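Student: Could we go through this structure together, one question at a time? I'd like to see how each answer is reached.

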There are 2 protein chains.
Amino acid sequence: MVEEICHICNDKSTGKHYGAISCDGCKGFFRRSIRKRYHYTCRFEQNCDVTRNKRNACRACRLQKCVKAGMKSNAIQNERDAIGKRKKTPEEGKEDLIDQLVAAEQMCQQLRSSVIKNTSSLAPYDCGKVKWNYEDARSATLDDIGKSIHQQLVLFIEWAKSLPQFSFLAQVDQAALLKGGAASIIVLGVAYRSIHLGMDDTICLANDTLLPKEHATQVGDINHFSCVVGRILAELVNPMRRLDMDLVEYVALKAILFFNPVVRECNDQTSVENARFACLRSLQRRCTDKAIVNQEDDSQDCRSGKLLLLLPSLQAIAQQLVEDVQLARLFGLVNVDSLMEELILNDLKPSDPQILQTSLASPVNTPSVKAEVEVEE
Amino acid sequence: MVEEICHICNDKSTGKHYGAISCDGCKGFFRRSIRKRYHYTCRFEQNCDVTRNKRNACRACRLQKCVKAGMKSNAIQNERDAIGKRKKTPEEGKEDLIDQLVAAEQMCQQLRSSVIKNTSSLAPYDCGKVKWNYEDARSATLDDIGKSIHQQLVLFIEWAKSLPQFSFLAQVDQAALLKGGAASIIVLGVAYRSIHLGMDDTICLANDTLLPKEHATQVGDINHFSCVVGRILAELVNPMRRLDMDLVEYVALKAILFFNPVVRECNDQTSVENARFACLRSLQRRCTDKAIVNQEDDSQDCRSGKLLLLLPSLQAIAQQLVEDVQLARLFGLVNVDSLMEELILNDLKPSDPQILQTSLASPVNTPSVKAEVEVEE
DNA sequence: ATCGCCCGGTCAAAGGTCGC
DNA sequence: GGCGACCTTTGACCGGGCGA
């Protein structure tokens with residue numbers, strides 16, 4: 001058994017250090033002294049007391065007593081590599097990114113409330129010829145679908161503008177990202193919102209109206225929509241629920257999706273890629289941390305991978321949605337405003353970039369109501 | 001006789017450890033590093049001295065030198081019980097999984113060679129009315145495109161059948177996975193094969209014919225194909241090259257893609273999901289190991305995430321390819337055989353499951369030549 | 001059987017961290 | 001800027017399984 005008393009200062013010892021039974025204080029003192037080649041001089045008689053309370057009074061005598069107690073300077077090793085931090089503080093830059101994304105999301109949530117109020121008080125937005133027959137007052141009409149898509153587009157642009165990584169890009173690249181990501185990000189938003197509904201067969205649109213799967217089936221001509229709703233539920237909402245996806249993961253996934261470096265017409269791929277990977281790193285970090293907190297939970301394993309694997313389905317569903325809208329427009333079932341045309345149905349024709357430019361130019365948090373409700377013809 | 005000197009730090013060695021003559025220190029260091037998935041960063045120039053006295057100064061360089069000296073991370077065994085008994089570990093299964101996937105891939109590669117020989121010696125496979133005008137003898141004709149898709153489908157089924165996780169499924173689920181994954185997996189294969197071409201604007205089809213991007217543009221009527229080729233290059237081949245994706249990562253990604261639990265008509269989602277997550281775990285494991293071995297390479301960071309982020313693009317391209325083929329068939333530009341119709345153009349009509357069932361029933365490694373070259377009408 | 005060899009694990013004593 | 005309570009990493013030293 002190791003002795004309990006430090007042979008240098010009589011403090012409680014923590015074992016043998018450098019050849020002498022000693023406390024952590026004397027251990028550290030000896031190491032620092034040897035490492036830095038300190039030369040101490042006693043201002044008294046070289047016989048100062050070195051005890052727990054007085055040991056810091058005379059360094060010369062303390063060091064001398066260390067040697068007398070048996071400490072060997074050759075037991076001091078060379079400096080080693082830096083070790084893991086004790087307190088979790090080095091991730092400030094990365095935490096900032098997550099915080100920033102969460103803030104952007106909350107800003108948009110607030111804006112959404114006001115937009116819903118605004119647009120519903122304005123003249124009705126004519127979205128097409130076919131009307132849903134609905135029983136429940138909260139159920140979505142075809143009109144609601146068009147409205148909610150439009151609103152989501154406006155909010156999507158505001159969201160993007162609030163991200164520094166986005167606003168540093170050239171305007172052509174900004175437009176490219178917006179066009180490339182609009183459909184997917186709207187679908188992602190609908191799916192995430194629908195998680196909290198608790199209904200297995202209903203999605204929740206951006207203006208808080210509900211769209212049940214069977215409901216969508218009833219309209220024969222555009223039963224494709226039903227298919228999209230069903231896929232959103234089966235391929236996104238359900239897996240998200242099972243993963244118990246949280247807000248942080250949602251915003252990270254959204255940003256990763258948005259900063260797509262291989263989107264068409266993107267010039268500065270490097271910047272976009274860097275933004276994407278920064279988000280990816282944050283997401284992975286966050287998932288690892290979560291896994292450490294609740295160990296026994298099996299769903300935490302490979303969590304970031306599972307989240308990323310939602311994206312292929314999302315991509316496919318968004319693409320199908322775009323086609324359905326195109327088809328619906330072809331048959332005259334829906335009217336399509338300029339914003340929708342520009343962002344969702346990215347036709348190959350050199351579209352008039354006016355709408356987008358106006359939206360991009362206006363300051364954050366204040367989307368022009370004009371653009372917001374503007375309708376073609 | 002064993003050498004006396006540690007090949008990493010020149011200390012006295014205690015024998016061979018993990019593949020390299022080394023001391024106990026380097027042995028322990030390597031084991032701890034691999035086990036705990038540590039990721040070190042050199043604070044200097046990646047060329048620190050690793051000698052007896054300085055070996056603890058830079059863990060990044062020490063680990064790198066361990067690898068250079070021949071230490072293999074797969075020599076690190078599984079954790080044992082404190083008692084010292086070797087316990088049956090789930091880890092073994094994981095390594096097996098990767099090996100199994102690689103084996104399945106190699107089996108298909110061999111099969112491909114024989115299939116190419118077989119089909120080219122058979123009567124020409126009429127693929128449509130329009131012929132490519134090509135200068136280079138090795139360039140692909142439209143005929144080649146049809147042929148290669150067909151071949152890939154045959155191999156795809158054989159590949160799937162060779163996977164135990166697949167063969168344990170009910171036949172309806174097997175059919176669902178095959179239908180849901182065919183297009184994506186063919187595109188993934190084309191992209192991966194094209195990495196090694198070294199040409200920036202050309203993809204390599206399954207029968208080893210080449211298809212340059214501009215080449216595809218020349219045919220006006222189906223210039224959509226050119227678009228698909230361009231997207232494969234920009235969104236898949238190029239990123240894959242930059243990541244320096246290897247075979248193991250390719251097969252893991254392919255299996256993850258294939259075991260899609262949210263594919264249509266899939267009943268036993270749980271089994272499919274388990275298979276997917278097993279592959280995902282293996283991929284992540286493998287990426288972490290790779291990151292440990294080459295530290296200085298920045299591309300290793302978040303590697304599994306970067307690989308998974310190829311999948312949304314892949315999904316979109318595959319979907320576009322399907323639409324192009326549908327369109328081309330509509331205009332009578334290509335003939336579509338039963339297999340292609342069933343797997344690629346998954347029409348909603350209850351298709352005759354004969355072809356698929358025949359293929360699924362025949363033993364592995366011996367696809368019936370009949371099915372292989374069968375053409376409609 | 002018994003002897004190296006090379007896996008595994010352990011823990012005293014090195015190291016480093018960071019609020020005070 | 002040193003001190004020292006508190007934490008991490010190191011590596012010498014074991015035990016065990018396996019092939020010769």
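Student: Which residue lies over the face of B:Phe29?
Tutor: Keep in mind that this is a predicted model. For an Arg, we check whether CZ is within 6 Å of the ring centre and within 35 degrees of the ring normal. Here the distance from the ring centre is 4.6 Å, and the residue over the face of B:Phe29 is B:Arg62.

Student: And how far is A:Lys254 from the ring centre of A:Trp159?
Tutor: A:Trp159 sits in helix α4 of chain A, which covers residues 142–161. A:Lys254 lies over the face of that Trp ring, and its distance from the ring centre is 4.7 Å.

Student: Is A:Trp159 buried or exposed?
Tutor: Buried means under 20% relative accessible area. A:Trp159 has just 1%, so A:Trp159 is buried.

Student: Are the rings of A:Phe156 and A:Phe258 stacked or edge-to-face?
Tutor: Let's start with the distance: pairing needs centres within 6.5 Å, and planes over 60 degrees apart count as edge-to-face. These two centres are 5.6 Å apart with planes at 85°, so the pair is edge-to-face.

Student: How many residues apart in sequence are the parts that this pair ties together?
Tutor: A:Phe156 lies in helix α4 of chain A, while A:Phe258 lies in helix α9, residues 247–258, of chain A. Both of these Phe residues are buried. So the pair ties together parts whose separation in sequence is 102 residues.

Student: Which residues do ring pairs link into a cluster with A:Phe156?
Tutor: We've already met A:Phe258, which is part of it. Adding the others, the partners in the cluster are A:Trp159, A:Phe166, A:Phe258 and A:Phe259.

Student: Over in chain B, are α4(B) and α6(B) roughly parallel or roughly perpendicular?
Tutor: Helix α4 (residues 142–161) and helix α6 (residues 171–195) of chain B pack at about 115°, with axes 10 Å apart. Angles of 65 to 115 degrees count as roughly perpendicular. That makes α4(B), relative to α6(B), roughly perpendicular.

Student: Is the crossing of α4(B) and α6(B) left-handed or right-handed?
Tutor: The helices meet through residues including B:Leu153 and B:Phe156 in α4(B), and B:Gly181 and B:Ile185 in α6(B). As for the hand of their crossing, it is right-handed.

Student: Last one: which residues does A:Cys58 touch, not counting those up to four places away in sequence?
Tutor: A:Cys58 is in the loop between α1 and α2 of chain A. At 8% relative accessibility, A:Cys58 counts as buried. With those sequence neighbours set aside, A:Cys58 touches A:Cys42 and A:Cys48.

Definitions and conventions: Residues numbered from 1 in each chain as written. Chains lettered and ligands numbered in written order. Predicted model: local features only at pLDDT ≥ 70, side-chain atom pairs only at ≥ 80, totals over all residues. Heavy atoms only, no water. Helix = DSSP H or I, 4+ residues; strand = E, 2+ residues; numbered from the N terminus. Buried < 20%, exposed > 50% of the residue type's maximum accessible area, 1.4 Å probe, protein only. Phe/Tyr/Trp six-rings, centres within 6.5 Å; stacked < 30°, edge-to-face > 60°. Axes fitted to C-alpha atoms, helices over the stretch in contact; angles between N-to-C directions. Parallel < 35°, antiparallel > 145°, perpendicular 65-115°, else oblique. Left-handed = near helix turned anticlockwise from the far one by under 90°. Contact = heavy atoms within 4.5 Å.
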